[in-house]
Amino acid sequence: MKFIPRLIALTAVVCLGIASHMRAADLSITASAVVPSANAQINEATAGATITAGQLIYLDSTDLDTRSRPKAKLADCNSATAAVRSVAGIAINGASAGQRVSYVYQDPALVIAASGLTANTILVLSATAGGIAPAADVTTGWFLSVVAVVKSGTTIYFSAPGLPSGASS
């Protein structure tokens, strides 16, 4: 019986260690539920890769379309290339390479209908290409770029390029 307090303490340390290494998954966004508000600022680009509505994009100035405009590609926070970490917006329609993609670069009430949204959660560019993650997910090697704040269970305040730190965590 004298070992029970030590066993409880050891169990608590192990549980805390496991919890500190667990990360929530990227937001699971239903593409058909990405709906800009009437106040959204929207732009268009030619897709340079397959893009799904709800994914974060950057504009690749090294890959131009037929009108000499940068193509849209999936942003990624742990890319070695700064441009790939610079969010231009969130896609509001799907597109294959060569097709037009519309994207929101500012919206105070963007509906994304992702599962598990909690008001006041800060959202960042993910290490998964095009993904959005809660700030609690930030880990070593991520270049932090805050892109949104959750307003409700379905709505976010989105702003690109967000608030990039420029430094790896």
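Ser126 is buried, with a relative accessibility of 1%. The model is predicted. Ser126 sits in the loop that runs between strand 6 (122-125) and strand 7 (132-134). Two topics follow the overview of the chain: the setting of Ser126, and the charged pairs.

**Overall fold**
- The protein chain contains one helix and nine strands.
- The helix comes at the N-terminal end of the order, which reads α-β-β-β-β-β-β-β-β-β.
- The protein chain has 169 residues, and 37% of them count as buried.
- Take the contacts between residues at least 6 apart in sequence: 65% of these join residues at least 24 apart.
- The exposed surface of the protein chain is about 8800 Å², with 60% of it supplied by carbon and sulfur atoms.

**Around Ser126**
- The side chain of Ser126 makes a polar contact of 2.9 Å with the side chain of Asp26.
- Asp26 is also on the list of residues in contact with Ser126, once neighbours within four places in sequence are set aside.
- The rest of that list is Asp76, Cys77, Gly131, Ile132, Ala133 and Trp142.
- Ser126 counts as buried because its relative accessibility, 1%, falls under the 20% cut-off.

**Salt bridges**
- The whole structure holds six salt bridges.
- Glu44 pairs with Arg100, with 3.6 Å between the closest N and O atoms.
- Glu44 belongs to strand 1 (residues 41-46) and Arg100 to strand 5 (residues 100-111), so this salt bridge ties together parts that are 56 residues apart in sequence.
- Both ends are partly exposed: Glu44 has a relative accessible area of 44%, and Arg100 has 32%.
- Arg100 also meets Asp65 in a salt bridge, at 3.9 Å from N to O.
- This second pair links distant parts of the chain, 35 residues apart: Arg100 is in strand 5, while Asp65 is in the loop between strand 2 (56-64) and strand 3 (70-74).
- Asp65 is buried, at 10% relative accessibility.
- Glu44, Asp65, Arg69 and Arg100 form a linked network of salt bridges.
- Another salt bridge joins Asp63 and Lys71, whose closest N and O atoms are 3.6 Å apart.
- Asp63 is partly exposed, at 22% relative accessibility.

**Aromatic rings**
- Arg85 lies over the face of Phe143, 3.6 Å from the ring centre.
- Zero aromatic pairs turn up in a search of the whole structure.

Note on methods:
Residues numbered from 1 in each chain as written. Predicted model: local features only at pLDDT ≥ 70, side-chain atom pairs only at ≥ 80, totals over all residues. Heavy atoms only, no water. Helix = DSSP H or I, 4+ residues; strand = E, 2+ residues; numbered from the N terminus. Buried < 20%, exposed > 50% of the residue type's maximum accessible area, 1.4 Å probe, protein only. Polar contact = N/O pair within 3.5 Å; in protein donor to acceptor, adjacent residues only side chain to side chain. Contact = heavy atoms within 4.5 Å. Areas by Shrake-Rupley, 256 points an atom, 1.4 Å probe, with all protein chains shown as cover. Phe/Tyr/Trp six-rings, centres within 6.5 Å; stacked < 30°, edge-to-face > 60°. Lys NZ or Arg CZ within 6 Å of the ring centre and 35° of its normal. Salt bridge = Lys/Arg side-chain N within 4 Å of Asp/Glu carboxyl O.
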